[in-house]
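Work through the exercises below with the sequence and the model open. Each task is followed by a solution in steps.

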Amino acid sequence: MINKNGTYKCPVCEVIGTIDDRTISVRVQCSERGTAWPTHRDCEWSKTIDNIDISKLERIS
Amino acid sequence: MQRRRVVPGIIVGGASLTLVGAIAALIASTPGEEATDSEKIDYLIEASNTQTGIISALAQQITDLNGTLKDIREINGLDFAFDPMRYITWKLRSGEALPNIFSYYQLIGPAGTFSVTYTNPEGYVWIGIFQSITVSQSGVIQFIGFVDDELFPKSFVPRLVSHSINWSITIPFGHVIKEITNLAFTNFDIADQWIAVDTMGIYLRSDVWERDSKLMDMAATKYTTPPEVINDK
C-alpha cells in the first residue's frame, strides 16, 4: 500500500489538506460569496482515503 | 431618577374615582341660600383649590402613563433582538449579514476519518439557523464538532443517526461560530459510508454581533426586573 501521509494542496481549488494514515483533514476558507465543499467536481479531497490519487495533488510537506 | 411605572387601567380608574369623589364632596358642601358672602367666597376658593389639585394629579398620572407606554413600546421592540428570525431578517435587510446555505456529501472509507475545518470570512461570525445530517447507515459513524477555541466538543455523537436541528427555535443564538469550526466523521464500518449535511445560517459582521450582544444583555437586565407598580388608588 502506498504511503500517502503528508500535506497537499489541490491545484484547482487550492484547498489544503493533510493525510495521516486513514485520516483526511482539510481546511476550507469560507468567503462572503458563500461556502462550498467540495468546490469542484472530482476534487481529490472529496474521495475516500483509498481512492485519493495523490499524484493529482501538490505536495507541500 | 427612576421613573415611576404604573398600570394603565388602574391609573385611569383611580383618577376618575378621585375626580368623582372630589366633585361629590364639592356638591355636598355647596353653600345654601342662608350662607353668608364670606362662606360663599370660602367655598369658591376651596372649589378652585380642589380643581387645581385634581388637574395636577391627572397631569402627573398622564406623565406616568406616557412613561409606561414608552417602556411597553421598547419591550415590544426587543422582539427584533431576541427573536432570531426577526433579528436575522433585519440584519439581512440592512446588509450587515449574508445568507449562508451550505450542503455537501462526503464518502468516508472503512475505518477512515474525514475532518474538515471551516474558517469564517474575515470579520464575520456565523449564526446557525438549521442543520440536517443524513447518514448512509445508522450507528456506524462517530461525529465530533469543535467550535472556535473551546476545549470540549460542541457536539459529540458516538453513533450518528440522521437528524435535523432547528437552532433558531430550540436554541436561539445557541450556535454562533466566531471564527473556526471543525467537524470530524469516523466510519467504524468495514464498507464505505456517506454523510450528507445541509446547513442554513448567516454570516454576520463581527462588530455588529458584539454591539448587538451587549445591547441585548443591557435590555434583558433592564426589563427582566419587575417594574414598580403603583396601585395605591
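Domain bounds here come from an automatic or database domain assignment. The model is predicted.

**Exercise 1. State how the domain assignment divides chain B and how far apart the C-alpha centres of its domains lie.**

Step 1. In chain B, the assignment gives domain 1 as residues 5-77 and domain 2 as residues 97-213.
Step 2. The C-alpha centres of domain 1 and domain 2 of chain B are 64 Å apart.

**Exercise 2. Check the length of helix α2 of chain B against the expected span, and say how many of its residues are buried.**

Step 1. Helix α2 of chain B covers residues 37-77, which is 41 residues.
Step 2. The expected span is 1.5 Å times one less than the number of residues.
Step 3. For α2(B) this should come to 60 Å, and the end C-alpha atoms are 60 Å apart, so the two values agree.
Step 4. A residue counts as buried if 20 or more other C-beta atoms lie within 10 Å of its own. In α2(B), 2 of the 41 residues are buried, so to this cut-off the helix is hardly covered.
Step 5. For chain B as a whole, buried residues make up 18% of 233 residues.

**Exercise 3. Describe the contact between chain A and chain B, including the strands that pair across it.**

Step 1. Chain A contributes 19 residues to the contact and chain B contributes 21 residues.
Step 2. The chain A side is made up of 6 nonpolar, 8 polar and 5 charged residues.
Step 3. Strand β3 of chain A (residues 23-29) and strand β3 of chain B (residues 113-119) run parallel and are joined by 7 bridges.
Step 4. In this pairing, Ser25(A) stands opposite Ser115(B).

**Exercise 4. Identify which elements build the largest nonpolar core, and follow the contacts of Val26(A).**

Step 1. The largest nonpolar core has 24 residues, and those with the most contacts inside it include Ile24(A), Val26(A), Val116(B) and Phe185(B).
Step 2. Two or more residues each come from β3 of chain A and from β3, β4 (124-135), β5 (141-147) and β9 (180-187) of chain B.
Step 3. The largest share, 3 residues, is that of β3(A).
Step 4. Beyond its neighbours within four places in sequence, Val26(A) is in contact with Val15(A), Gly17(A), Trp45(A) and Val116(B).
Step 5. Another core, of 9 residues, lies apart from the largest one; among its residues are Ala97(B), Val125(B), Ile202(B) and Trp209(B).

Methods. Residues numbered from 1 in each chain as written. Chains lettered and ligands numbered in written order. Predicted model: local features only at pLDDT ≥ 70, side-chain atom pairs only at ≥ 80, totals over all residues. Contact = placed C-beta atoms within 7 Å. Nonpolar A, V, L, I, M, F, W, Y, C, P; charged D, E, K, R; others polar. Pairing = 2+ DSSP bridges. Helix = DSSP H or I, 4+ residues; strand = E, 2+ residues; numbered from the N terminus. Buried ≥ 20, exposed ≤ 12 C-beta atoms within 10 Å, placed from the backbone. Core = buried A, V, L, I, M, F, W, Y, C linked by C-beta atoms within 7 Å.
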